Amino acid sequence: MTKILDAHALLVFLEREPGFEKVKAIFTAEIEKDKRLLMTSVNFGEVFYIVLRDVGEEKALEIEKTIPSLPIEIVNVDIQIAKEAARFKSRGKMSYADCFVAALAKIHKGEIVTGDKEFKAIESELKVSWII
């Protein structure tokens, strides 16, 4: 099953917060299978702005350079993903950025990797792998 990476999980890995070991194990398993986790360009932008806001431009650019070394494929958002994200957002239970994670997971029949409790709202609909 394709794994879909949420910004929260990537930040946990990059900042070595609780859940780091679980994300690292998922990355290792995907590398061994010669697979990549998917992440939307919107969620990459979310990571970038959080790091930019909290630590500054230099660190944000450093992280941008680090991403290609990780087993992550950034998926540019198209109309199909945007419409599916809008459907999730219309229910009003998640942030708009998180709706893009859910949309990508639904389209790819994937499993969301996260520690963000907002995803509890869709757990009955999509598979969620909790890192903490």
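Two strands are said to pair if DSSP finds at least two bridges between them. With that in mind, the tour of this predicted model begins in the sheet.

**Strands β2 and β3**

Select β2 (37–40) together with β3 (72–75). These strands pair in the parallel sense over four bridges. To locate the register, display leucine 37, which stands opposite isoleucine 72 in β3. Next, show the side chains of β2: Leu37 and Met39 point one way, Leu38 and Thr40 point the other way, and all are buried.

**Strands β1, β4 and β5**

Move to β4, residues 111–114. Glu111 and Val113 lie on one side of this strand and Ile112 and Thr114 on the other; all are buried, and both faces are thus covered. β4 has parallel pairings with β1 (residues 3–5), over three bridges, and with β5 (residues 127–130), over four bridges. Glutamate 111 is a useful residue to centre upon. Lysine 3 stands opposite glutamate 111, and glutamate 111 in turn stands opposite lysine 127 in β5.

**The nonpolar cores**

Now display the nonpolar side chains. The largest core has 24 residues, and Leu5, Leu10, Phe27 and Val47 have the most contacts inside it. Two or more residues each are given to this core by α1 (7–15), α2 (20–32), β2 (37–40), α3 (41–54) and α4 (57–66). The largest share, six residues, comes from α1.

Which residues does leucine 10 touch, not counting those up to four places away in sequence? Selecting its surroundings shows Leu5, Phe27, Met39, Val47, Ile67, Leu70 and Ile72. A second, separate core has 20 residues, including Met94, Val101, Leu104 and Trp130.

**Helix α2**

Select α2 next. This helix has 13 residues and reaches 18 Å from its first C-alpha to its last, close to the 18 Å expected at 1.5 Å a residue. Colour its buried residues, Phe20, Val23, Ile26, Phe27 and Glu30. They are on the same side of α2 because they cover an arc of only 130 degrees around the axis. Among the elements that cover these buried residues are β1, α1 and β2. Turn to the other side of α2 to find Glu21 and Glu32, which are exposed. Beyond the helix comes aspartate 34, whose phi is positive, near 55 degrees.

From Glu21, a line may be drawn to lysine 59, which lies in helix α4. The two residues are 38 residues apart in sequence and 22 Å apart in space, C-alpha to C-alpha. Lysine 59 is partly exposed, with a relative accessible area of 33%.

**Helix α5**

The last stop is α5, residues 79–90. Begin at its N-terminal end, which aspartate 78 caps: a side-chain oxygen lies 3.2 Å from the backbone nitrogen of glutamine 80. The helix has 12 residues and reaches 16 Å from its first C-alpha to its last, close to the 16 Å expected at 1.5 Å a residue.

Why do the buried residues of α5 lie on the same side? First select them: Ile81, Glu84, Ala85 and Phe88. They cover an arc of only 100 degrees around the axis, and therefore share one side of α5. Extending the selection to β3 (72–75) and α6 (96–108) shows what these buried residues pack against. The face turned away from the buried side carries the exposed residues Ile79 and Ser90. The tour ends after the helix at glycine 92, whose phi is positive, near 75 degrees.

Note on methods: Residues are numbered from 1 along each chain as its sequence is written. This is a predicted model: local features need pLDDT of at least 70, side-chain atom pairs count only at pLDDT 80 or more; totals for chains, interfaces and linings use all residues. Side-chain values use heavy atoms; hydrogens and water are left out. A nonpolar core is a set of buried Ala, Val, Leu, Ile, Met, Phe, Trp, Tyr and Cys residues joined through side-chain atoms within 4.5 Å. Buried means under 20% relative accessible area, exposed over 50%, partly exposed in between (1.4 Å probe, protein chains only). Contact means heavy atoms within 4.5 Å. The expected span of a helix is 1.5 Å times one less than its number of residues. The arc is that of the directions from the helix axis to the C-beta atoms. A polar contact is a pair of N or O atoms within 3.5 Å; within protein, one must be able to donate a hydrogen and the other to accept it, and residues adjacent in sequence count only if both atoms are side-chain atoms.
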